[in-house]
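Biologist: Please take a close look at a single part of this model, the open sheet and what lies against it. A plain description, with the surroundings where they help, is enough.

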Amino acid sequence: MSQLPKILVVYYTQTGQLKRIIDHVLAPLQGKAEIQFEEIAPVKDFPFPWPKQRFFDTMPETVLGKPQPIQPLKINPDEHFDLVLLAYQPWFLSPSQPIAAFLQSEEGKRLLKGKPVVTLLGCRNMWINAQEKVKRYLHAAGAQLAGHIALVDKHPNLVSLITILRWATKGKKDAFFIFPPAGVQEKEIVESSRFAAPIGNALARKEFGDLHQHLLALNSVEVDPGLIVLEMRGVKPFRFWANYISKAGEPGSPARQGRVTMYRVILLAAIPILSPFTTIASWLQLTIGRKKLNEDVTYYKGIQLREN
């Protein structure tokens with residue numbers, strides 16, 4: 001009797017949405033693969049719903065890649081797995097702190113070394129910078145990024161921003177007024193089971209070189225050129241504020257709360273005020289730099305890592 005291939009799922013979720021996505025993706029593989037789960041656990045839990053100040057106070061170390069520590073892994077980092085499914089969410093255009101801590105840890109590096117990895121995202125809409133950081137972590141660990149799946153909230157950008165902030169800070173996911181429910185749409189979650197077939201085929205062959213192309217054929221990744229422009233515009237301000245706030249003290253320290261409040265007020269005020277100007281600037285860039293943006297779309301839909 002042949003031994004079933006082994007899949008390790010490494011994930012961190014606060015709301016449970018990501019775990020539901022994982023379960024739907026892997027449901028058709030039940031009985032065809034041995035699936036083990038490793039839920040990353042911070043030493044000190046991050047709250048949910050988030051107190052507003054704590055939410056924004058988490059930004060600096062997230063952006064700078066200086067995460068809070070996590071509990072030791074339950075799995076043996078030297079155990080063999082045929083595939084690792086790494087499921088995460090972006091925080092502030094970066095991988096969430098627990099996932100960044102896992103990717104930086106010696107246990108995580110040992111576990112990932114030499115293994116094919118499929119990254120799975122369940123998030124709002126801006127994930128490309130977070131994925132680029134994850135690519136670099138995986139490369140440093142000696143892992144092989146074999147596929148990428150990104151499930152996102154497909155509502156307009158400002159709409160999804162309002163609904164996700166309400167969910168994050170009040171714990172309310174439901175529709176309200178003219179706004180839809182927060183998060184990835186239910187249809188997208190349920191239909192994510194379609195990705196199991198190419199993953200299962202790659203596992204059966206133990207050949208992952210063409211897995212991502214088969215996933216892309218099922219629309220595993222969609223990239224909006226306009227969101228590339230918006231996200232790239234946010235990277236430098238986030239890094240500036242991350243450095244400015246972190247220089248005032250450690251996370252949670254009273255010494256830096258004034259700077260955190262300043263960042264929070266400016267950010268929330270700037271979004272509606274600057275949105276029309278950002279839209280115009282984005283349109284100009286989309287028009288003038290269309291060729292470069294099309295190249296970026298192709299790159300970000302892929303799994304390769306740029307040299308720079």
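Modeller: The model is a predicted one. I start with the helix that lies on the sheet. Helix α1, residues 17-26, lies across five strands: β1 (6-11), β2, β3 (83-88), β6 and β7. Relative to β6, helix α1 runs at about 130°.

Those five strands form an open sheet, in the order β2-β1-β3-β6-β7, and the pairing is parallel. In general, the strands of a sheet pair through backbone hydrogen bonds, and the pairing can be parallel or antiparallel. The edges of this sheet are β2, residues 34-39, and β7, residues 144-152, each of which pairs on one side only. On average, neighbouring strands of the sheet are turned by 20° against each other, with direction ignored.

At the β2 edge, β1 and β2 run parallel and are joined by six bridges. Within this part of the sheet, isoleucine 7 stands opposite isoleucine 35 of β2. Helix α1 comes back here as the connection: β1, α1 and β2 make a β-α-β unit, and the unit is right-handed.

At the β7 edge, the partner strand is β6, residues 116-123. Eight bridges join β6 to β7, and the two strands run parallel. One pair can be picked out by residue: proline 116 has glutamine 144 in β7 as its bridge partner.

Two backbone details are found in loops that involve strands. The loop between β2 and α2 (52-57) holds proline 49. The peptide bond leading from phenylalanine 48 to proline 49 is cis, with omega near 0°. The other detail is leucine 93, in the loop between β4 (90-91) and β5 (94-95). Leucine 93 has a positive phi, near 65°, although the residue is not a glycine.

For the surroundings, there is also a pocket to describe. The second largest pocket has a volume of about 340 Å³. Its lining counts 17 residues, and those closest to the pocket centre are Asn129, Glu132, Arg136, Met232 and Val235. Three helices each supply at least two residues of this lining: α6 (128-141), α11 (225-246) and α13 (290-301). By residue class, the lining of the second largest pocket consists of nine nonpolar, three polar and five charged residues.

To return to the part you asked about: the open sheet has β2 and β7 as its edge strands, and helix α1 lies across β1, β2, β3, β6 and β7.

Key
Residues numbered from 1 in each chain as written. Predicted model: local features only at pLDDT ≥ 70, side-chain atom pairs only at ≥ 80, totals over all residues. Heavy atoms only, no water. 1 Å grid on protein atoms, 1.4 Å probe; cavity = no way out; pocket = protein on both sides within 12 Å on 5 of 7 lines; lining within 4 Å. Points joined across faces, edges and corners; volume = space filled by probe spheres on them. Helix = DSSP H or I, 4+ residues; strand = E, 2+ residues; numbered from the N terminus. Nonpolar A, V, L, I, M, F, W, Y, C, P; charged D, E, K, R; others polar. Pairing = 2+ DSSP bridges. Axes fitted to C-alpha atoms, helices over the stretch in contact; angles between N-to-C directions. Contact = heavy atoms within 4.5 Å. Right-handed = clockwise from strand over helix to strand, strands pointing away.
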